[in-house]
Amino acid sequence: MVEVDSDAQSPPSLPATAAANNGVLGGFFQLGRPKLRVTTEYDSDSSAFLHKVSCKLLDNLAKFKLSFQNNSKGEVSEPQISFTSKYFSLQYDLEESDALLKASFDVVPGLQFRAAHGVKAQQGEVAMVADLGTPAYKFELSSAVPSVGMPRATLKFPLGEVSFEESEEEEEEQKRTLSVNGIIKSHILNGVCTARYHEENLNLRYAYKDEQLTFIPSISLPSNALSCAFKRRCSPSDKLSYWYYFDSNNWSAVYKHTAGKDYKFKAGYDSDVRLGWASLWVGDEDGKAKTAPMKMKVQFMLQVPQDDIKSSVLMFRVKKRSAKEVVGVDIVMHVKAKSDDGSIQMDAVLRGIRSHLKPDGLQLSDVSNGLSDLFSVKDKNEITCVKKAAY
């Protein structure tokens with residue numbers, strides 16, 4: 001029998017060998033069932049449920065997670081298993097039979113080794129990161145596996161980073177040249193100026209922000225694409241944002257109203273896609289479900305196309321934690337062999353219930369006949385399936 005508990009309680013009394021080590025196996029790993037965290041999320045746009053089951057292992061040194069989706073027909077898709085620890089992680093895709101392996105550890109103080117490998121593609125990357133005097137200055141040398149050229153060199157410093165790597169030109173001769181990419185940030189006039197250079201494109205951005213006003217102009221070179229963002233906080237709970245793109249004359253606006261930490265309303269319009277929308281969040285939008293009311297996050301969104309109002313769509317998304325954390329109820333799953341009638345597992349359940357009740361507080365009744373009558377009721381689809389199975 002395998003028993004899975006959404007929030008397992010403290011384990012029973014430990015054997016004498018473990019008790020001698022203060023309830024720790026070998027004085028290091030604590031015995032007992034790991035606590036499971038169960039999260040279910042529903043997206044009305046795709047009509048799919050996303051389920052996540054995770055638990056911490058080896059005295060919280062590692063984490064195991066199972067995730068999968070199922071649609072309204074009950075079809076399961078995208079099942080994935082992951083194992084994560086401080087030095088090693090494994091992500092396995094059951095549908096693709098593919099795994100992604102990652103490892104990271106300190107060779108010596110100030111020198112870190114990183115590696116990643118895709119099993120199916122037989123490709124990966126290795127990197128060495130060294131501190132240059134202080135952790136604020138780092139030098140990273142990384143290379144693809146199998147190697148396709150010189151390794152990429154990256155210098156990181158408090159104001160940004162600069163990287164050098166080989167790249168192939170889109171020509172018949174396929175010449176390899178040295179490319180430079182980087183980003184630099186600096187505080188100028190009570191704001192932050194950012195310069196980002198990538199693939200021969202330079203983006204300059206300045207962001208000024210105080211308690212009530214945010215102003216963000218930006219320009220891309222050599223395309224000369226200029227845009228500007230303006231945000232105004234009208235009150236502690238109301239904020240208005242506006243974006244304008246000078247090269248295309250497109251604009252967008254968003255109004256946001258918050259009521260406490262767990263309730264947020266947004267409404268906006270985007271001229272590029274000619275779409276108006278409104279959304280309501282219950283639960284912190286960027287937080288976790290466990291901190292939301294009833295440990296459940298809900299988002300409702302209404303989309304109204306300007307050119308076809310009749311095709312408006314109402315969508316919702318729900319993310320919920322386990323029943324144990326919401327109402328204090330344990331959900332227990334029993335897995336039995338095909339030849340087992342489940343009597344042993346059921347006896348264990350009844351003994352656990354009796355231990356919490358007064359004597360004679362639990363009376364058993366045979367309901368097998370009633371269940372048989374209940375299961376015998378079939379709708380038309382079930383009857384059709386039974387007939388097909390008989391042939």
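**View 1. The exposed residue N190 in the loop between β15 and β16.** N190, in this predicted model, has a relative accessibility of 68% and therefore counts as exposed, the threshold for that class being over 50%. The residue lies in the loop between β15 and β16, where N190 adopts a positive phi of about 60° although it is not a glycine. Most residues other than glycine have a negative phi. The hairpin of β15 and β16 has two residues between the strands, and L189 likewise takes a positive phi, near 50°.

**View 2. Antiparallel pairing of β15, β16 and β17.** Strand β15, covering residues 176-188, pairs with strand β16, covering residues 191-198, in the antiparallel sense, and seven bridges connect them. Within this pairing, S186 has C193 of β16 as its bridge partner. On to strand β17 (residues 201-209), β16 is joined by eight bridges, and these two strands also run antiparallel. Here the bridge partner of R196 is N203 in β17. β16 and β17 form a hairpin with two residues between them, and E199 in that turn has a positive phi of about 50°.

**View 3. The loop between β18 and β19, with a cis peptide bond and a positive phi.** Two residues of interest share this loop, which connects β18 (213-221) with β19 (225-235): P222 lies in it, and N224 has its place there as well. The peptide bond that leads from L221 to P222 is cis, with omega near 10°. Phi of N224 is near 60°, a positive value in a residue other than glycine. With a relative accessible area of 51%, N224 is exposed, because that class begins over 50%.

**View 4. The cis peptide bond between V145 and P146.** A further cis peptide bond runs from V145 to P146, and its omega is near 0°. P146 is found in the loop between β12 and β13. Most peptide bonds are trans.

**View 5. The salt-bridge network of R114, E140 and K156.** R114, E140 and K156 are linked to one another in a network of salt bridges. Within it, the side chains of E140 and K156 meet at 3.5 Å, taken from N to O. E140 lies in strand β12 (residues 134-145) and K156 in strand β13 (residues 152-157), so the pair ties together parts that are 16 residues apart in sequence. The two partners fall into separate accessibility classes: E140 is buried, because its relative accessible area of 8% is under 20%, whereas K156, with a relative accessible area of 29%, is partly exposed. Side chains of opposite charge can pair when their charged atoms come close.

**View 6. The salt bridge between E96 and K120.** The model has a count of seven salt bridges, and one of them is formed by E96 with K120, whose closest N and O atoms are 3.6 Å apart. This pair links distant parts of the chain, since E96 sits in the loop between β8 (88-93) and β9 (98-108) while K120 sits in the loop between β10 (111-118) and β11 (123-132), 24 residues apart. E96 has a relative accessible area of 43% and is partly exposed, whereas K120, at 51% relative accessibility, counts as exposed.

**View 7. The salt bridge between K138 and D131.** The side chains of K138 and D131 meet in a salt bridge with an N to O distance of 2.7 Å. K138 counts as partly exposed at 27% relative accessibility, and D131 also counts as partly exposed, at 29%.

**View 8. A patch of positive charge on the surface.** R37, K56, K63 and K65 gather on the surface in a patch of positive charge. One of these residues, K63, is found in strand β6, which covers residues 62-71. K63 has a relative accessibility of 36% and so counts as partly exposed, a class that lies between the 20% limit for buried residues and the 50% limit for exposed ones.

How values were computed. Residues numbered from 1 in each chain as written. Predicted model: local features only at pLDDT ≥ 70, side-chain atom pairs only at ≥ 80, totals over all residues. Heavy atoms only, no water. Patch = residues over 30% accessible without salt bridge, like charges linked within 9 Å, V, L, I, M, F, W, Y side chains within 5 Å. Areas by Shrake-Rupley, 256 points an atom, 1.4 Å probe, with all protein chains shown as cover. Salt bridge = Lys/Arg side-chain N within 4 Å of Asp/Glu carboxyl O. Lys, Arg positive; Asp, Glu negative; His and termini not counted. Charge placed at Lys NZ, Arg CZ, Asp CG, Glu CD. Helix = DSSP H or I, 4+ residues; strand = E, 2+ residues; numbered from the N terminus. Buried < 20%, exposed > 50% of the residue type's maximum accessible area, 1.4 Å probe, protein only. Pairing = 2+ DSSP bridges.
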